[in-house]
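Let's take a walk through a protein chain together, starting with the whole thing and then zooming in on a few spots. Have a look at the picture first, and keep it open as you read.

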Amino acid sequence: MVLKAIKYTRFKNEKNEWSIEGKPINGEFGQWLTLEKINLIVGKNASGKSRTIGAIRQVAELISGELKLNESKPFGFQTSNYHLIFDDNDKKIEYFLDFKDGKVLQERLLIDNIEKLNREKGILYYEKESKNLEFETDDNLLALSRRDTKQQPFFENLYQWGVELNHYQFGSPLGKDMFLRDINSINDDSDINFKTGNEVTKIFKRANEEYPSVFVETIIGDMSNLSYDIDKIEILPFKYFPILAYGISITEKDLSQPTDQTEMSQGMFRALSLLIQLNYSLLKNQSSCILIDDIGEGLDYERSKALVDLIIRKISGSLVQVIMTTNDRYVMNKIPLEYWSVVQRVPQKALFYNYKNSRETFDEFKFTGLNNFDFLSTEFYVTGFEKQVSE
């Protein structure tokens, strides 16, 4: 299932209102931010890139039940309005959620334009009765939390999307500072938090057990594409640690001794961690959404570009959707504009320009001879040749 479009508003009709939406059409705000299978969100600092990633993660956690409405206040999301459109094997799923101070005002679900849920009307579709019936639930709970696979099977794919969504903050340690005391403590996926990107050691162990013939070799091949020449990846005790603890170690081709994660450079470990977690998602062959904030942060130019190229190749043809952010000019200069969604910050809004809603302007830029970064820095994405000619 792929997230195709989103509109989001935080603190609607309040003085600190802020929204995510597509570029205005004929001066009209409130347009959809459309998304594709592969997305690179670019923008200047403080334009709303990470906020957008955070809003998508929040609604996924609400849908999956991993976050309760009354727990969203510390993150500044306690009053929010979401409107989402998904494509589920050519089936259109439209979900609307509006809550204020942690209490649901409206929750609505349509599948191929047929209403299955409307909290305002107090109706929910029951499969066995083949009709909408009245229902009630606490105002601090989503109706999706009433999941009944027999009566409301249409909730399941939406729930799974929320469960399977992963969020990696590439500028963070991505598990470099985490370790295992007991390597036999992982029984199944319920023992692993896939959302944070920090439990990479557990994920590596789990993936290697499930896919012993391909997993490690795939990671070694991917790291080679980033010019990291590795012979072996395994879980070993740390060499220099005050207690017995386990983590990821690599053996590089030009070194005789393994290097554990405490000794790796931050950039190398971030790339390794991301590829371990990304490949596990791909090998499971499950429809999922992966959010990667600040892709390439801490890597040199060539490796940053190579990593994004590698992700694009691996995602193409898979069931996985990826939404990445960057403000790195070198990454931007090498990633085709067709993958871009450019954020324009205006008062109380983050407006998105992409190939779907601004095709003519994107195509015009090819004739300028400028670098991709100039598409952002000159705001060509907003004005096209009009501004360039006037200057």
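**From the outside in**

The protein chain exposes about 18000 Å², and carbon and sulfur atoms supply 45% of that surface. Keep in mind that what you're looking at is a predicted model. How many helices and strands are there in the protein chain? You'll find eleven helices and 18 strands. If you drew a box around the C-alpha atoms along the principal axes, it would come to roughly 65 × 60 × 35 Å.

So how does the chain fill its space? For 391 residues, a compact globule would have a radius of gyration near 21 Å, and the protein chain has 22 Å, so the two agree. Of those 391 residues, 53% count as buried. Now think about who touches whom: among contacts with a separation of 6 or more, 60% are between residues 24 or more positions apart.

Let's zoom in on strand 2, residues 18-22. Five of its five residues are buried. In a regular strand the side chains alternate between the two faces of the sheet. Here, Trp18, Ile20 and Gly22 sit on one side and Ser19 and Glu21 on the other, and both faces are covered.

Which strands pair with strand 2? One is strand 1 (residues 2-10), which pairs with strand 2 in the antiparallel sense over three bridges. Another is strand 18 (residues 349-354), and this time the pairing is parallel, over four bridges. Ser19 is a handy residue to follow here: Ser19 is the bridge partner of Thr9, and Ser19 also stands opposite Lys349 in strand 18.

Next stop is Leu33, which has its place in strand 3 (residues 33-34). Leu33 is twelve residues from Glu21 in sequence, yet their C-alpha atoms are 4.9 Å apart in space. Is Leu33 buried or exposed? Its relative accessibility is 2%, so Leu33 counts as buried, the cut-off being under 20%. Leaving aside neighbours within four places in sequence, the contacts of Leu33 include Ile20, Glu21 and Gly22, along with Lys4, Ala5, Phe352 and Asn354.

Now for a residue in a loop. Lys195 lies between strand 11 (166-169) and helix 3 (200-210). Lys195 has 2% relative accessibility, so Lys195 counts as buried too. What does the side chain of Lys195 meet there? A polar contact of 2.9 Å joins it to the side chain of Glu66. Beyond four places away in sequence, Lys195 also touches residues including Arg57, Glu61, Val163 and His167.

Let's finish with helix 6, residues 301-315. At 1.5 Å a residue, its 15 residues should span 21 Å, and the end C-alpha atoms are 21 Å apart, so the helix agrees with the expected span. At the N-terminal end, Asp300 acts as a cap: one of its side-chain oxygens lies 3.2 Å from the backbone nitrogen of Glu302. After the helix comes Gly317, whose phi is positive, near 85 degrees.

An α-helix has 3.6 residues a turn, so residues three or four places apart point the same way. Try that idea on the buried residues of helix 6, among them Ser304, Leu307, Val308, Ile311 and Ile315. What covers them? The cover includes strand 4 (38-42), helix 4 (215-225), helix 5 (266-284), strand 15 (288-293), strand 16 (320-326) and helix 7 (329-334).

Methods. Residues are numbered from 1 along each chain as its sequence is written. This is a predicted model: local features need pLDDT of at least 70, side-chain atom pairs count only at pLDDT 80 or more; totals for chains, interfaces and linings use all residues. Side-chain values use heavy atoms; hydrogens and water are left out. Helices (H or I, at least four residues) and strands (E, at least two) are DSSP runs, numbered from the N terminus. The expected span of a helix is 1.5 Å times one less than its number of residues. Buried means under 20% relative accessible area, exposed over 50%, partly exposed in between (1.4 Å probe, protein chains only). Contact means heavy atoms within 4.5 Å. A polar contact is a pair of N or O atoms within 3.5 Å; within protein, one must be able to donate a hydrogen and the other to accept it, and residues adjacent in sequence count only if both atoms are side-chain atoms. Two strands pair if DSSP finds at least two bridges between them. The radius of gyration is taken over C-alpha atoms; the globule rule is 2.2 Å times the number of residues to the power 0.38. Accessible areas come from the Shrake-Rupley method with a 1.4 Å probe; for residues, only the protein chains shown count as cover.
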